[in-house]
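Let's take a walk through this structure together, one neighbourhood at a time. Have the sequence and the 3D view open as you read.

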Amino acid sequence: MTAAEWTALDARYVWHPYTQHATAPLPVPIVRADGARLHTADGRVLLDAISSWWVTLHGHCHPAIAAAIAEQSRTLEQVIFAGCTHEPAARLAAELVNVLPPGLTRVFFSDDGSTAVEVAVKAALQFWRNRGEHRPLIAAIEHAYHGDTFGAMSVSARGTFTEPFADRLWSVDRLPDPVDGDTVAALRALIDQRGTELGALIVEPLLLGAGGMRMWPEHTLRALAECCAKAHVLLIADEVLTGFGRTGPLFACARAGVAPDIICLSKGLTGGALPLGATVTTERVFEGFRSQDRRRTLFHGHSYTANPVACAAGRASLALLDADSARKREAIESAHREHMARLASHPRVRRTRVLGTVAALDLDGEDGYLSTVGGELAAFAIRNGVLLRPLGNVVYVLPPFCTTRDELAVIYGVIERFLDWR
Ligand SMILES: *Cc1c(COP(=O)(O)O)cnc(C)c1O
């Protein structure tokens, strides 16, 4: 089938995510990928500067991950995970526990970041209920993004994405975000007032991703963790984006020396090859569910929980996060810093920031996700061989770890040309 034929089928039959079909440009037909490169149907190459929505870690079609997937799909492709188990899940769980911050020892698998968050929030709420303690409140942070299912939307900031459902979302205690406000003081005040009713605090450690790539300090994360520990409030770290080396060290919590009670993982968990989520808890949280009373069970699961092929991809990806990968991440961070230092003085750039392999800048002009400048830059970048997807006026570069200095220079060159041109 020709690309013209299958893109016509797409236009006729497919509903794309986060896409306003009345105004969006036609989707770019991609036929193949390798490393940081996407190959279009018309033979062009695009540099994937956003790791395909933040998932691709080592590069596209990594041979080790591809081989693990091929092998596993010929051996055991799927089996129910309630009442059955398998080697890829058991070994991935053990390997995750081995690299996670200390104390996180029980792995609950699911399908994606949103479900990893749903499981975390449900586990936190039911943990207190199982213990007979009335702690129904959840605290969350302004500008947070935790996913698109209803529980995940409830803990996310209210805004453009959640507006149509505003009256259906349960309320949370909202703390100011650490970039603009004093989150620690707000948490202390909340704990003073209602600390015995507060069940959990959920945060995106060090980086509010979809909320605008807002980076926040390690000492704030440590202070929040200390407040939680003192008041016996569970700390949920949503590392769906920051996990697996994105901020440099394997986890943002590790970077700050913080051990949460629950951590949410997805995106890079399989290196970006297959969907998989994991919610990892401490033994104490897990023990809160162990009981002769079956009502204390965590009644949650998905058809594909711990899919063996996805778990095999996860193991292969984890094995690739070695010293060589750490060096690549450091090289990306230092290249980010050089480019951002230059761009910081551009008259159209308001603010720049770098955290590990993530770099972001705010363009002057209209703020917010619906600002049109992002779409203009994305279209300009596609014409010039780079895939970018700004969050409104926030432009970020979040490349796969295989991205070279030369490829980064191309990406930043395109951003710079757009700034000069428009
Ligand atoms: C992307 C993201 C999610 C949601 O993950 P999905 O796989 O898209 O459902 C949750 N939390 C954070 C921090 C994310 O960046």
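A residue counts as near a molecule if one of its heavy atoms lies within 4 Å of that molecule. With that in hand, and keeping in mind that this is a predicted model, start at the ligand. The residues around the ligand are Trp54, Asp112, Gly113, Ser114, Tyr145, His146, Gly147, Glu204, Asp238, Val240, Leu241 and Lys267.

Three of these are worth picking out for their polar atoms. A polar backbone atom of Gly113 sits 2.8 Å from an oxygen atom of the ligand. With Ser114 it is the side chain that takes part: one of its polar atoms is 2.6 Å from a ligand oxygen. For Asp238, an N or O atom of the side chain lies 2.7 Å from a nitrogen atom of the ligand. As for how much of the ligand is covered, on its own it has 380 Å² of accessible area, and the protein covers 84% of that.

Now move to Ser266, which you will find in the loop between β11 (262–265) and β12 (277–282). Is Ser266 buried or exposed? Its relative accessibility is 5%, so Ser266 counts as buried. Its side chain has two backbone partners to look at. A polar atom of the Ser266 side chain is 3.2 Å from the backbone nitrogen of Gly113, and a polar atom of that side chain is 2.7 Å from the backbone oxygen of Leu276. Beyond its neighbours within four places in sequence, Ser266 is in contact with Asp112, Gly113, Val240, Phe244, Leu276 and Gly277.

Next, look at helix α14, residues 405–421. How far apart should the ends of its 17 residues be? The expected span is 1.5 Å times one less than the number of residues, which gives 24 Å for α14, and its end C-alpha atoms are indeed 24 Å apart. The buried residues of this helix are Glu407, Leu408, Ile411, Tyr412, Gly413, Val414, Ile415, Phe418 and Leu419.

Finally, a word on the cysteines. How many disulfides does a search of the whole structure find? The answer is 0. A disulfide needs two cysteine sulfur atoms within 2.5 Å. For Cys84, the closest cysteine sulfur belongs to Cys311 and is 14 Å away, so it is too far for a bond. The sulfur of Cys227 is 6.9 Å from its closest cysteine sulfur, in Cys228, and that is also too far for a bond. As for their surroundings, Cys84 is partly exposed, at 35% relative accessible area, whereas Cys227 counts as buried, at 10%.

Methods:
Residues are numbered from 1 along each chain as its sequence is written. This is a predicted model: local features need pLDDT of at least 70, side-chain atom pairs count only at pLDDT 80 or more; totals for chains, interfaces and linings use all residues. Side-chain values use heavy atoms; hydrogens and water are left out. Buried means under 20% relative accessible area, exposed over 50%, partly exposed in between (1.4 Å probe, protein chains only). Helices (H or I, at least four residues) and strands (E, at least two) are DSSP runs, numbered from the N terminus. A polar contact is a pair of N or O atoms within 3.5 Å; within protein, one must be able to donate a hydrogen and the other to accept it, and residues adjacent in sequence count only if both atoms are side-chain atoms. Contact means heavy atoms within 4.5 Å. Accessible areas come from the Shrake-Rupley method with a 1.4 Å probe; for residues, only the protein chains shown count as cover.
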